[in-house]
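Colleague: I am new to this structure and would love a friendly tour. Could you take me through it step by step?

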Amino acid sequence: RIGIKYAPETPKTEVRVVALANQNFVLKAGAADTRVDAEVTLNQDIALWSVLPHTHVRGKKWEVTAIYPDGRSEVILNVPKYDFNWQIVYELAKPITLPAGSAIRVEAVWDNSTKNKYNPRPDQEVRWGEQSWDEMLSPLVYGSVRLRNPIIPVAPQLQR
């Protein structure tokens with residue numbers, strides 16, 4: 001048996017996950033502070049709920065900024081001591097409403113030097129890759145958007 005409960009009304013919003021990946025970077029061998037950015041411009045209003053910064057073992061710090069259509073900017077998240085072993089989703093105390101035309105910019109900084117005790121190969125340049133000895137700039141931003149054309153579900157006729 002399974003139990004199904006239908007919502008009493010059609011949802012007005014849905015959750016979206018935005019990935020701001022940037023695969024075009026090189027971390028030079030021995031470089032202690034390499035910054036790489038990624039940015040997305042929103043095509044509709046969004047209520048921003050949380051952010052997950054993601055780099056690998058050379059990740060050093062993160063900053064996520066909202067840039068509004070009127071030019072104002074607001075730092076949403078600042079992680080001054082990023083730790084690959086403590087990757088978490090940062091939940092905002094209350095959602096931030098970003099109107100269409102706003103941008104979300106992420107700035108990540110890596111340490112590819114011998115000062116980074118987690119760095120497996122400080123003598124080699126590093127590029128994008130899926131393995132932990134490679135690097136990534138792949139944060140996720142979670143928000144909800146208003147449904148433009150909500151689908152009206154039709155409850156199936158259940159037979160016994």
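What follows is a conversation about a predicted model.

Colleague: Let us begin with a histidine. Is His56 buried or exposed?

Modeller: His56 sits in the loop between β4 (46-52) and β5 (59-67), so being in a loop does not settle the matter and we turn to its relative accessible area, which is 3%. Buried means under 20%. With 3%, His56 is therefore buried.

Colleague: Which residues does His56 touch, beyond those up to four places away in sequence?

Modeller: Tyr82 and Phe84 are among them. The others are Gly129, Glu130, Gln131, Ser132, Asp134, Glu135 and Met136. The full set is thus Tyr82, Phe84, Gly129, Glu130, Gln131, Ser132, Asp134, Glu135 and Met136.

Colleague: And with which side chain does the side chain of His56 make a polar contact?

Modeller: The cut-off for a polar contact is 3.5 Å between N or O atoms. The contact made by the His56 side chain has a distance of 3.4 Å. Its partner is the side chain of His54.

Colleague: Now to open space. Which residues lie nearest the centre of the largest pocket?

Modeller: The largest pocket has a volume of about 230 Å³. Its lining has 13 residues, dividing into 4 nonpolar, 3 polar and 6 charged. Nearest the centre are Gly59, Lys60, Tyr82, Asn116 and Tyr118.

Colleague: Tell me about charged pairs. Which residues are joined with Arg35 into one network of salt bridges?

Modeller: Side chains of opposite charge can pair when their charged atoms come close. Arg35 forms a salt bridge with Asp37, with 2.9 Å between the closest N and O atoms, and the side chains of Glu107 and Arg35 meet in another at 3.2 Å, N to O. Glu107 lies in strand β8 (residues 103-110) and Arg35 in strand β3 (residues 34-41), so this pair ties together parts that are 72 residues apart in sequence. The salt bridges share partners, and the residues joined with Arg35 are Asp37 and Glu107.

Colleague: Is Glu107 buried or exposed?

Modeller: Glu107 has a relative accessible area of 17%. The limit for buried is under 20%, so Glu107, at 17%, is buried. By contrast, Asp37 has 31% relative accessibility and counts as partly exposed. For Glu107, the word is buried.

Colleague: How many residues apart in sequence are the parts tied together by Arg105 and Glu39?

Modeller: Arg105 and Glu39 form a salt bridge, their closest N and O atoms being 2.8 Å apart. Arg105 lies in strand β8 and Glu39 in strand β3, so the pair ties together parts of the chain that are 66 residues apart in sequence.

Colleague: How many salt bridges does the count come to?

Modeller: We have met the pairs Asp37 with Arg35, Glu107 with Arg35 and Arg105 with Glu39. These are among the salt bridges counted, and the count comes to 9.

Colleague: Let us look at a lysine. How far apart in space are Lys117 and Val57, C-alpha to C-alpha?

Modeller: Lys117 is in the loop between β8 and β9 (126-127), and with 69% relative accessibility it counts as exposed. Lys117 and Val57 are 60 residues apart in sequence. Their C-alpha to C-alpha distance in space is 9.3 Å.

Colleague: One last stop. What distance separates the C-alpha atoms of Pro69 and Gly101?

Modeller: Pro69 is placed in the loop between β5 and β6 (73-79). Leaving aside neighbours within four places in sequence, Pro69 is in contact with Pro99, Ala100, Gly101 and Ser102. Pro69 and Gly101 are 32 residues apart along the chain, and their C-alpha atoms are separated by 5.5 Å.

Conventions. Residues numbered from 1 in each chain as written. Predicted model: local features only at pLDDT ≥ 70, side-chain atom pairs only at ≥ 80, totals over all residues. Heavy atoms only, no water. Helix = DSSP H or I, 4+ residues; strand = E, 2+ residues; numbered from the N terminus. Buried < 20%, exposed > 50% of the residue type's maximum accessible area, 1.4 Å probe, protein only. Polar contact = N/O pair within 3.5 Å; in protein donor to acceptor, adjacent residues only side chain to side chain. Contact = heavy atoms within 4.5 Å. 1 Å grid on protein atoms, 1.4 Å probe; cavity = no way out; pocket = protein on both sides within 12 Å on 5 of 7 lines; lining within 4 Å. Points joined across faces, edges and corners; volume = space filled by probe spheres on them. Nonpolar A, V, L, I, M, F, W, Y, C, P; charged D, E, K, R; others polar. Salt bridge = Lys/Arg side-chain N within 4 Å of Asp/Glu carboxyl O.
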